[in-house]
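Here are some exercises to work through with the sequence and the model side by side. Try each task yourself before you read the solution.

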Amino acid sequence: MTTPELTPTVEELEAQERRLVFQQFTYDDAWALGSLLVQMARERQAPVAIDIHRSGQQLFHAALPGSAPDNDAWIARKRRVVERYGSASYLVGARHRAKGTTFEASSRLDHDTYAAHGGSFPITVEGAGVIGAVTVSGLPQLEDHKLVVEAVDHYLTQAQ
């Protein structure tokens with residue numbers, strides 16, 4: 001359980017999405033961003049799996065020590081939330097919590113197919129919208145979300 005002062009608000013999460021927009025997203029970008037995430041996770045000894053999808057195609061996948069096959073199932077469920085809602089999986093869950101409910105109770109979607117848990121972030125390209133998702137699984141949901149956001153932020157900062 002996270003403490004309220006450390007849990008980002010819906011407004012903060014929405015601001016992340018508005019700020020973290022790519023000019024383009026190529027195969028090389030997927031490799032570089034995925035490799036950055038692997039480096040960050042290794043430095044932190046994070047037992048995660050990392051996935052990048054664009055337009056229905058898996059462009060990057062890595063499983064680090066301590067991750068498990070179950071992480072791939074979580075990746076797929078969180079990614080489907082991004083694909084369906086066009087927003088980060090953590091933000092979708094936060095929007096439901098802000099209304100006093102849960103994604104599971106109010107979405108009417110199959111919980112084995114969709115999970116509004118942190119860790120999947122939309123790949124948004126200026127002028128094109130959401131074209132994919134970068135996803136991490138293996139840490140508590142807020143930590144998964146923060147790792148992805150930190151990596152995307154760092155990657156976009158370096159690209160400028």
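**Exercise 1. Does S107 count as buried or exposed?**

Solution. Keep in mind that you're looking at a predicted model. Start by finding S107, which sits in the loop between α5 and β3. Next, take its relative accessibility, which is 14%. The cut-off for buried is under 20%, so S107 counts as buried at 14%. As a last step, check a distance: S107 and G93 are 14 residues apart in sequence, and their C-alpha atoms are 10.0 Å apart in space.

**Exercise 2. Work out how the protein is laid out along its sequence.**

Solution. Begin with the inventory: the protein has six helices and four strands. Now walk along the sequence and write down each element, and you get α-α-β-β-α-α-α-β-β-α. Then ask how compact that is. The radius of gyration is 15 Å, close to the 15 Å that the globule rule gives for 160 residues, so the protein is as compact as a globular protein of that length. For the extents, the C-alpha trace spans about 40 × 40 × 30 Å along its principal axes.

**Exercise 3. Describe the protein's inside, surface and charges in numbers.**

Solution. Inside first: 48% of the 160 residues are buried. Then the contacts: take those between residues at least 6 apart in sequence, and 65% of them join residues at least 24 apart. Moving to the surface, the protein exposes about 8,300 Å², and carbon and sulfur atoms supply 49% of that. Last, count the charges: there are 15 positive and 20 negative side chains, and the centres of these two sets lie 4 Å apart.

**Exercise 4. Look at the backbone of Q45 and R108, and say what their phi angles have in common.**

Solution. Start with the background rule: most residues other than glycine have a negative phi. Now check Q45. This residue isn't a glycine, yet its phi is positive, at about 55°. Q45 belongs to the loop between α2 (27–43) and β1 (49–54), and it counts as exposed because its relative accessibility is 72%.

Do the same for R108. Its phi is positive too, at about 65°, and R108 isn't a glycine either. You'll find R108 in the loop between α5 (103–106) and β3 (120–125). At 80% relative accessibility, R108 counts as exposed. So what they share is a positive phi without being glycine, going against the general rule for most residues.

**Exercise 5. Which element gives the most residues to the largest nonpolar core?**

Solution. Step one is to get to know the core. It has 37 residues, and those touching the most other members are F22, F25, L33, I50, I52, V134 and V152. Step two is to list the elements that give two or more residues to this core: α1 (10–19), α2, β1, β2 (57–63), α4 (89–98), β3, β4 (129–137) and α6 (141–159). Step three names the winner, α6, with eight residues.

Now zoom in on V134. Leave aside its neighbours within four places in sequence, and V134 is in contact with L33, L37, D51, I52, G119, S120, F121, I123, V148 and V152. There's also a second, separate core of six residues, and it includes V81, F103, Y114 and A116.

**Exercise 6. Compare the settings of A151, Q58 and T102.**

Solution. Take A151 first. This residue lies in helix α6 and is buried, with a relative accessible area of 0%. Not counting residues up to four places away in sequence, A151 touches L33, L36, L37 and M40. A151 and N71 are 80 residues apart in sequence, and 19 Å separates their C-alpha atoms.

Next comes Q58, which lies in strand β2. At 43% relative accessibility, Q58 counts as partly exposed. Skipping residues up to four places away in sequence, Q58 touches D51, I52 and H53. Q58 and A133 are 75 residues apart in sequence and 9.7 Å apart in space, C-alpha to C-alpha.

Finish with T102, in the loop between α4 and α5. T102 counts as partly exposed at 35% relative accessibility. Its C-alpha is 17 Å from that of L13, which is 89 residues away along the chain.

How values were computed
Residues are numbered from 1 along each chain as its sequence is written. This is a predicted model: local features need pLDDT of at least 70, side-chain atom pairs count only at pLDDT 80 or more; totals for chains, interfaces and linings use all residues. Side-chain values use heavy atoms; hydrogens and water are left out. The radius of gyration is taken over C-alpha atoms; the globule rule is 2.2 Å times the number of residues to the power 0.38. Buried means under 20% relative accessible area, exposed over 50%, partly exposed in between (1.4 Å probe, protein chains only). Contact means heavy atoms within 4.5 Å. Accessible areas come from the Shrake-Rupley method with a 1.4 Å probe; for residues, only the protein chains shown count as cover. Lys and Arg count as positive and Asp and Glu as negative; His and the chain ends are not counted. The place of a charge is taken as NZ of Lys, CZ of Arg, CG of Asp or CD of Glu. A nonpolar core is a set of buried Ala, Val, Leu, Ile, Met, Phe, Trp, Tyr and Cys residues joined through side-chain atoms within 4.5 Å.
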